[in-house]
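Welcome! Have a look at the structure below, then try the short exercises that come after it.

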Amino acid sequence: MNTRRFSAVPLITAAIMALAAGCSTAGSNAASTTAAYKPEEPDITVAAIPAVDLVGLYIAQDDGLFAQQGLHVTIEKIPSSQAIIADQLKGQVDITAGSYVAYISAQAAGARFRILAEASILGPGTRALVTTGDSPITTIAGLAGRKIGVNGINSIGTLLVSALLAEHGISPEKVDFVTDQEGFPSMPGQLRDGAWDAAFLAEPYITVAGEEFGEQVLVDLDQGATLNFPIDGYVATQAWAQKYPKTAAAFMRAIEGGQAIANSDAAAVRAAMAKYDKLPPQVTAAMVLSGYPVGPVNDTHIQRVALAMLQFGMLGKQYATEVERGTLVESMVSPGS
């Protein structure tokens, strides 16, 4: 199990609850919400991929942290952040949670998103390439010319695998990335049935692949250039955050509480995943946990994603100056940019 913990969680969380007023002035973490902090829109929908990376969201829901902030949150499961961006831009979803890759691509193309909070960072065993138990592929070199299943085209999976291949002298163009429209839950079964030669999976589905299908990890993706790589965040459009600043601030406070619990209480993480993903005890007991950042969104972290996207052609060269100067990511972190 990944045992990284952030020892300063209580202090950082307290500070963030005061600083979450990037959207509005934050009050204390009291059960009753005063009029000064009352959300403008208490009923919100959050679309999220089913992965242990986003367990801070599920814990905040189960432990009543959203309710304490005057929010009623409906969680909608999605296969990837790419799958929901169009709906979010139309105002059909309030907040989405998923990998930064899709949001950075959309931002470069003219969308205006605001990263409200970081959700997870890559850790040992939390993202991996998986093969069947009897696969002839036993090395990274063996991936050349093969099909790799991912949960979204030009996604965090594509990016992490591309970086891995490049570090081992293999052009990412030598593999065929294929998207599973159903996302992580269906991918272990699809791999078993021969849809691809390898699959990019996140926990708890790495563990599901092993426990239920006898599949094996070919390589852990937490290495080299992507060690401790930023993975997921909670994102709103800038228009939504500006229209509902108290709602955004309330959401951020609740998420900070959920992240802090996730960092300090592995049992709470396992219970939340068992409930929301309907996982059996043998999976939740064995799955590897992520790291759950607390504190203000750090644009230096997210900048790593944008630079890697530029390197592997997931952002066009016309965006090179904006990416390299950091202004693209800055526009997603600083309010009103």
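The exercises below concern a predicted model, and each comes with a worked solution.

**Exercise 1. Work out the order of the strands in the open sheet of five strands, and find which strands stand at the edges.**

Solution.
- Step 1: Going across the open sheet, the order reads β2-β1-β3-β10-β4, and the pairing is mixed.
- Step 2: The edge positions belong to β2 (72–77) and β4 (113–121). Each has a single partner strand, so one side of each has no neighbour in the sheet.
- Step 3: From one strand to the next, the twist averages 20°.

**Exercise 2. Describe how β10 is joined to β4 and to β3, and decide whether β10 is enclosed or open.**

Solution.
- Step 1: Start with β4. Seven bridges link β4 to β10 (residues 230–237), and the two run antiparallel.
- Step 2: Pick out individual pairs. Ala117 is opposite Tyr234 in β10, while Ile121 has Pro230 as its bridge partner in β10.
- Step 3: Turn to β3. Four bridges connect β3 with β10, again with the strands antiparallel. Here Thr96 faces Val235 of β10 as its opposite residue.
- Step 4: Check burial, which requires under 20% relative accessible area. Eight of the eight residues of β10 are buried, so β10 is largely enclosed by the rest of the structure.

**Exercise 3. Find the strands that helix α4 lies across, and give its angle to β10.**

Solution.
- Step 1: Locate α4 at residues 82–89.
- Step 2: This helix lies across β1 (43–48), β2, β3 (95–99), β4 and β10.
- Step 3: Relative to β10, α4 runs at about 15°.

**Exercise 4. Is Ser135 buried or exposed, and what does its side chain reach?**

Solution.
- Step 1: Ser135 sits in the loop between β5 (127–131) and β6 (147–150).
- Step 2: Its relative accessibility is 12%, so Ser135 counts as buried.
- Step 3: A polar atom of the Ser135 side chain lies 3.0 Å from the backbone nitrogen of Ile137.

**Exercise 5. Find out whether Glu215 has a salt bridge, and list some of its surroundings.**

Solution.
- Step 1: Look in the loop between α8 (205–213) and β9 (216–220), where Glu215 lies.
- Step 2: Glu215 is buried yet has no salt bridge. Arg192, the nearest side chain of opposite charge, is 6.1 Å away, and a salt bridge needs the charged atoms within 4 Å.
- Step 3: Now consider the backbone. The Glu215 side chain reaches the backbone nitrogen of Arg192 at 3.3 Å.
- Step 4: Leaving aside residues up to four places away in sequence, Glu215 touches several others, among them Val130, Thr131, Pro188, Leu191 and Ala209.

How values were computed: Residues numbered from 1 in each chain as written. Predicted model: local features only at pLDDT ≥ 70, side-chain atom pairs only at ≥ 80, totals over all residues. Heavy atoms only, no water. Pairing = 2+ DSSP bridges. Axes fitted to C-alpha atoms, helices over the stretch in contact; angles between N-to-C directions. Contact = heavy atoms within 4.5 Å. Buried < 20%, exposed > 50% of the residue type's maximum accessible area, 1.4 Å probe, protein only. Polar contact = N/O pair within 3.5 Å; in protein donor to acceptor, adjacent residues only side chain to side chain. Lys, Arg positive; Asp, Glu negative; His and termini not counted.
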